[in-house]
Amino acid sequence: MSPAPALHTLSAVLVVGDVARAIGFYVEKLGCIECFRVGDPPHFAAVEREALVLNLMPASRAPAALGQAQLHVMVSGLDALHAEIAGRGVAIEVTPTDFDYGLREFSLRDPDGNRITFAEELRV
């Protein structure tokens, strides 16, 4: 009998204006590590931080999608993560806020306008 199916990682594709600049932002500002890059200058790359994997694709391949992504990442230690990221000089679009749907969240945008929201379940 085969094991039950299980989901392990989400790998999203973000369309960015400049892959090298995006690598720098995600590594230096959000604490990701670079997994790989293709080309010099890079025309595709991937970065990750724990279970979050982001593939960085240039806008030349999907111009209408530039800056249109919205990611919602569930975390633990939201306030510490906020302090870490804000401490690296990232502009926070929505500061940590408790919402009536049971989550505490903060949001930011990458240099291309893609929105990333980090969220943690509120303890009742």
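# Strand 7 and its surroundings

Reader: What makes strand 7 (residues 103-109) "mostly covered"?

Author: Five of the seven residues of strand 7 are buried. Buried means under 20% relative accessible area, so each of those five falls below that mark. One caution: the model is predicted.

Reader: How do you know that strand 7 pairs with strand 6?

Author: Four bridges join strand 6 to strand 7. At least two bridges are needed for a pair, so four will do. The two strands run antiparallel. One contact to look up is Ile92, whose bridge partner in strand 7 is Leu108.

Reader: And what joins strand 7 to strand 8?

Author: Seven bridges join them. The cut-off is at least two, so strand 7 and strand 8 count as paired. They also run antiparallel. Phe106 has Phe118 of strand 8 as its bridge partner.

Reader: Which residues take a positive phi in the two hairpins?

Author: Gly102 does so in the hairpin of strand 6 and strand 7, with phi near 95 degrees. Four residues lie between those strands. In the hairpin of strand 7 and strand 8, the residue is Gly113, with phi near 100 degrees. There, five residues lie between the strands.

Reader: What makes Glu50 stand out in its backbone?

Author: Glu50 has a positive phi of about 55 degrees, yet it is not a glycine. Most residues other than glycine have a negative phi. Glu50 sits in the loop between strand 3 and strand 4 (52-58).

Reader: Is Glu50 called buried or exposed, and why?

Author: The relative accessibility of Glu50 is 70%. Exposed means over 50%, so Glu50 counts as exposed.

Reader: What makes the bond between Asp40 and Pro41 worth a look?

Author: The peptide bond joining Asp40 and Pro41 is cis, with omega about 5 degrees. Most peptide bonds are trans. Pro41 belongs to the loop between strand 2 (33-38) and strand 3.

Reader: Now the charges. Why is the contact of Glu84 with Arg49 called a salt bridge?

Author: The closest N and O atoms of Glu84 and Arg49 are 2.8 Å apart. The limit is 4 Å between a side-chain nitrogen of Lys or Arg and a carboxyl oxygen of Asp or Glu, so this pair qualifies.

Reader: What does the bridge between Glu84 and Arg49 tie together?

Author: Glu84 lies in helix 2 (residues 78-87) and Arg49 in strand 3 (residues 44-49). The two parts are 35 residues apart in sequence, so the pair ties together a helix and a strand. Arg49 and Glu84 also belong to a network of salt bridges with Arg88.

Reader: Why are Glu84 and Arg49 placed in the class they have for exposure?

Author: Glu84 has a relative accessible area of 27%. Arg49 has 25%. Buried is under 20% and exposed is over 50%, so both residues are partly exposed.

Reader: How do you know that Arg115 and Glu93 form a salt bridge?

Author: Their side chains meet at 2.8 Å, N to O. The limit is 4 Å, so the contact counts. The pair links distant parts of the chain: Arg115 is in strand 8 (residues 115-121), Glu93 is in strand 6 (residues 92-98), and they are 22 residues apart. Arg115 is partly exposed at 22%, and Glu93 is partly exposed at 38%.

Reader: What makes Asp98 and Arg104 a salt bridge?

Author: The N to O distance between their side chains is 2.7 Å. That is within 4 Å, so Asp98 and Arg104 meet the rule. Asp98 is partly exposed, with a relative accessible area of 46%. Arg104 has 21%. Buried would need a value under 20%, so Arg104 is partly exposed as well.

Reader: How many salt bridges are there in the whole structure?

Author: The search finds eight.

Reader: How are the two sets of charged side chains placed in the protein chain?

Author: The chain has 10 positive and 16 negative side chains. The centres of the two sets lie 3 Å apart.

Reader: What is the overall plan of the protein chain?

Author: The chain has two helices and eight strands. From the N terminus on, they run β-α-β-β-β-β-α-β-β-β. The C-alpha trace spans about 50 × 50 × 25 Å along its principal axes. Of the 124 residues, 40% count as buried.

Key
Residues are numbered from 1 along each chain as its sequence is written. This is a predicted model: local features need pLDDT of at least 70, side-chain atom pairs count only at pLDDT 80 or more; totals for chains, interfaces and linings use all residues. Side-chain values use heavy atoms; hydrogens and water are left out. Buried means under 20% relative accessible area, exposed over 50%, partly exposed in between (1.4 Å probe, protein chains only). Lys and Arg count as positive and Asp and Glu as negative; His and the chain ends are not counted. The place of a charge is taken as NZ of Lys, CZ of Arg, CG of Asp or CD of Glu.
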